[in-house]
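Trainee: Got a few minutes to go through this model with me? I'd like to reason from the coordinates.

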Amino acid sequence: GLRAPGAKPLMDSGEPPVVPQRAARPSVPQGAFARLKGYISVAQEGYDELVRAIIRPPRAQYSVSDLGPSEFRYGGVDFVRHDISTPNRRGLELRGSLWCRRSELAQAAGFPTVIFLHGNASCRGEAMTIASLVLSRGAALFSFDFAGCGQSDGDYISLGYFEREDVQDIIAWLRESAGVGPVALWGRSMGASSAVMVGARDSSVTGLVLDSPFASLEQVAVELVVGGPEGEGRARDGPVKNVPPFLVKTALRVVASSVWNRAGFDLYKCRPIDAAPACQMPALVATALSDTLVRPHHSKCISAALGGENTLVNFPGDHNTGRPASFLHAASAFLATVLALSPEEELQVPRDAAGHVLPLMQAIAVGRRSRLCAATPASAKQRGRPAPAAKGRLPRADNGSGDGSAAAGSAQDLLINFE
């Protein structure tokens, strides 16, 4: 081969060539591999938890009988519950219920209606917590299962991205098929965030009650892992516990890809805060002070961004505790104003010692017992004999807390844990 002039051949020394030795690999403690493997395992669990929390939380199981009787008398007026099924624009059947006065359904004369929008792991039965407040004021109440929830079709939810379209489709059906007039929205959590995005698109909505709306889905996902906006108070009892904080941004990108592939939406674009300025209708915004799932600052941001006049209220409790009667009654008064309900239409209904309207199931039970007592023969009363037993069982009374929970020993519990 070629070599420089005067250079000696490689073998001139008579010694074998020196083969360079590979540098020894630095020793790695066995514990480091275990920790790396542990991080990978924990991160995978975290990814799965985030995906489930966003698009497939537990699905509420219930029976239509849990919604109460299909015909009942309340405040001296005959009411009906009309159950419906209608497809949304994606071809998925949405199942819901309309509670209204029998005369209104027969006349279809533009009656005012409140549409209740439930949370992410809930169903239309959550509306029973506000039914008496709405019906006693003189409005009708409609509630439905979002696609992917309860008894509606669909495998996944989207925390508002597609739910806003479900609400628009329901409003169109109510106006075309049921003849409803002015509409107000009462939403909680996912339902509240959906209401904000609907309000930005439909100026005919007269008012919004927004209980725990989130400003951005991305921010909620991050806070489920690292805690609040300052990174404190991690929600260790919440649905996501296993993503190491330093991996959260990477984890969220992986989750976003999985959400897109499975459910078909971009979680980074689910931002009610961007829609809020276009909401010109009045709103009542509410938050629980100890909420670690949708933290109070989300409601504050939404309130500040809304384009219409609004009031921000807060109360003790967390994301899933029953709402205090003071808030529920303030919300019903707000709805009476935005729907222009006539005071003459307000019903005289059973109330508790504090003057609060009793939950609907309890009020129906009280009414039935009153009618039963009134029908008891005078001679039986005088002799102290018990009144004849009513056919069938009376519905169980609610405990009067306004949160839909049932009193011990009562007869018809709602069998759903509402998120």
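Trainee: Which strand does alanine 288 lie in?

Mentor: Keep in mind that we're looking at a predicted model. The strand to look for covers residues 283-288, and alanine 288 lies in it. That strand is β8.

Trainee: Is alanine 288 buried or exposed?

Mentor: Buried means under 20% relative accessible area. Alanine 288 has a relative accessible area of 0%, so it counts as buried.

Trainee: What is alanine 288 in contact with, leaving aside its neighbours within four places in sequence?

Mentor: Start with proline 316, which is 28 residues away from alanine 288 in sequence, yet their C-alpha atoms are 5.6 Å apart. As for contacts beyond those sequence neighbours, alanine 288 has Pro296, Phe315, Gly317, Asp318 and Arg323.

Trainee: Over to the helices. At what angle do α4 and α5 pack?

Mentor: Two packed helices are described by the angle between their axes and the distance between the axes. Here α4 takes in residues 163-178 and α5 residues 190-201, with the axes 8 Å apart. α4 passes α5 in a right-handed crossing. The angle is about 65°.

Trainee: Which residues in α5 meet α4, and how many charged residues does the contact have?

Mentor: From α4 come Glu163, Arg164, Glu165, Val167, Gln168 and Ile171, and in α5 they meet Met190, Ser194, Met197, Val198 and Arg201. By class, that contact has five nonpolar residues and two polar ones, and the charged count is four.

Trainee: How far apart are the end C-alpha atoms of α5, and what span should its twelve residues have?

Mentor: Take 1.5 Å times one less than the number of residues. For the twelve residues of α5 that gives an expected span of 16 Å, which agrees with the end C-alpha atoms being 17 Å apart.

Trainee: How many of the residues of α5 are buried, and what covers them?

Mentor: α5 is mostly covered, with ten of its twelve residues buried. Among them are Gly191, Ala195 and Val196. The cover includes β4, α4, β6, β7, α8 and α9.

Trainee: How many disulfides does the whole structure have, and why is cysteine 149 not bonded to cysteine 123?

Mentor: A disulfide needs two cysteine sulfur atoms within 2.5 Å. The closest cysteine sulfur to that of cysteine 149 is in cysteine 123, and at 8.7 Å it is too far for a bond. Searching the whole structure, the number of disulfides is zero.

Trainee: Which is buried and which is partly exposed, cysteine 149 or cysteine 301?

Mentor: Cysteine 149 has 2% relative accessibility, so it counts as buried. Cysteine 301, with a relative accessible area of 35%, is partly exposed.

How values were computed: Residues numbered from 1 in each chain as written. Predicted model: local features only at pLDDT ≥ 70, side-chain atom pairs only at ≥ 80, totals over all residues. Heavy atoms only, no water. Axes fitted to C-alpha atoms, helices over the stretch in contact; angles between N-to-C directions. Helix = DSSP H or I, 4+ residues; strand = E, 2+ residues; numbered from the N terminus. Left-handed = near helix turned anticlockwise from the far one by under 90°. Contact = heavy atoms within 4.5 Å. Nonpolar A, V, L, I, M, F, W, Y, C, P; charged D, E, K, R; others polar. Buried < 20%, exposed > 50% of the residue type's maximum accessible area, 1.4 Å probe, protein only.
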